Protein chains: 2
Amino acid sequence: MGLKDSTTEEKILEAAKEVFMKYGLYGARMQDIADTAGINKALLHYYFRSKEKLFDAVFDGALEKYFSQMNVIGDKSMPIKDRLMQYVDNMFEFFTEYPQMSMFIIKEISINPEMFHEKVKHLKNQKSLLIPTLQEAIDNGEINSFDPVIFMVNLHSLCAYPFLASPLYKLMLKKHGYDWNGEAKDKIKESVKDFISFKFQ
Amino acid sequence: MGLKDSTTEEKILEAAKEVFMKYGLYGARMQDIADTAGINKALLHYYFRSKEKLFDAVFDGALEKYFSQMNVIGDKSMPIKDRLMQYVDNMFEFFTEYPQMSMFIIKEISINPEMFHEKVKHLKNQKSLLIPTLQEAIDNGEINSFDPVIFMVNLHSLCAYPFLASPLYKLMLKKHGYDWNGEAKDKIKESVKDFISFKFQ
DNA sequence: ATTAAGTTTAACCATATGGTTAAACCGTTT
DNA sequence: AAACGGTTTAACCATATGGTTAAACTTAAT
């Protein structure tokens, strides 16, 4: 019950992240995780009692990171437009660092929505900060009225989809002279900012 | 080698679609497919030699349907704006009928890009019709100049992501008074049309 | 009715897989 | 050095899984 060797546990978690994110709960193999971590398979069960428990640790971490990131939004000292531009920058930075995360979360929820329903209760940042922020700017008369919920869906679409579909784009954009890991990502980010700029004169 | 009972083969393919799309190649179980189809497991191997072959049949069908759909775009008799609006309608119709398809295709490509690379060669409609169509409208002076490749990415983002993320939205939009299966989908479609309208005065 | 060909099933097989256990291996305390 | 606690490993177990086989079944042609 004492302190466990943190580095081993972290090695396991890192490997589990990699394998679960790629193959999902059912597609992932414990032996694969052990090999990736460079340890014995029995150690997985020593640190995390079962495959499900290990998966939970990975999934909980992902949910926490994902939802807290989605709520990073600048304070009221800036105009709403600047805050949104910064929000776009943050999303692109986040998805660049964790390109597989949205796919992982969405896919696992689609397989097992009940589990997600249970887990979301224990999250601290479950409600979007973006929507009340937009609503406030509308109420202030800072921007013209529109539906902030629908706008949030559009904005997340524009930012998240290019990364979700990057396995496709990595192979298909070449035909049009673009390299995903090169200029494409930045050009897309600028185009997203262009897109939402129209909404704010 | 003669004609096989078409209904059994179709039952298998239907079940395989369902199970593979949900769990992916590695997560899917042959027994699960057999149970879903209501047949003996050995029959799967009688009609399709192996799990991989059965998966190929499903994946090839999905690729074919997906890429041919992405190229349905009206002819030059209409103004470019109307053609794009129709394109949006088509995408929303398609994703409503096959909500899991983009997820399935993208996920499997991300696990095994080489396989996709091989398969895409044998596709008839591999290159996007949207991009040359936009380029033509720009060259004609019908619309102001912009990058058609980046625009295509944005447009597909706006249309595809809401369905990709629908497992999430189904659970989260309720908090804001929306029902995914009710009004939300249509409101999002209209907002997408609004978004792209800005590009065309 | 018999044959022939395709179809379907139950019973099997070899291996993969999640999980367990007892022993070995540390590092620290006494 | 002995004892103790946490850590790691090899060997093992029960079941799941993809795949095979031989026999039973169905249908149509002769």
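**Two copies, two domains and a helix**

Mentor: Let's start with the whole assembly, keeping in mind that this is a predicted model. A turn of 180° and a shift of 0.0 Å along the axis lay chain B on chain A with an RMSD of 0.1 Å.

Trainee: How are the two copies related, then?

Mentor: They are related as by a two-fold rotation axis, which follows from that turn and shift. To find the axis in chain B, look for B:Gly27: its C-alpha is the nearest to the axis, 1.9 Å away.

Trainee: And through which surface do the copies meet?

Mentor: Through the same surface, because 100% of the interface residues of chain B are also interface residues in chain A.

Trainee: Which residues of helix α2 in chain B are buried?

Mentor: Here's the general idea: an α-helix has 3.6 residues a turn, so residues three or four places apart point the same way. In α2(B), residues 30-37, the buried ones are B:Met30, B:Ile33, B:Ala34 and B:Ala37. Their arc around the axis is only 100°, so they sit on the same side of α2(B). Just past the helix, B:Gly38 has a positive phi of about 70°.

Trainee: What domains does chain A have?

Mentor: The domain assignment gives domain 1 (1-49) and domain 2 (55-200). Their C-alpha centres are 29 Å apart.

Trainee: How much area is buried between those two domains of chain A?

Mentor: About 820 Å², with carbon and sulfur atoms giving 79% of it. On the domain 1 side, A:Phe20, A:Met21 and A:Leu25 lose the most area, together 61% of what that side buries. As for salt bridges across this interface, the rule finds 0.

Notes. Residues are numbered from 1 along each chain as its sequence is written. Chains are lettered from A and ligands numbered from 1 in the order in which they are written. This is a predicted model: local features need pLDDT of at least 70, side-chain atom pairs count only at pLDDT 80 or more; totals for chains, interfaces and linings use all residues. Side-chain values use heavy atoms; hydrogens and water are left out. Buried means under 20% relative accessible area, exposed over 50%, partly exposed in between (1.4 Å probe, protein chains only). Helices (H or I, at least four residues) and strands (E, at least two) are DSSP runs, numbered from the N terminus. The arc is that of the directions from the helix axis to the C-beta atoms. Copies are superposed by least squares on the C-alpha atoms of residues with pLDDT of at least 70 in both. Contact means heavy atoms within 4.5 Å. Domain bounds come from an automatic or database domain assignment. Buried area is the accessible area (1.4 Å probe) that two parts lose on being put together, summed over both. A salt bridge is a side-chain nitrogen of Lys or Arg within 4 Å of a carboxyl oxygen of Asp or Glu.
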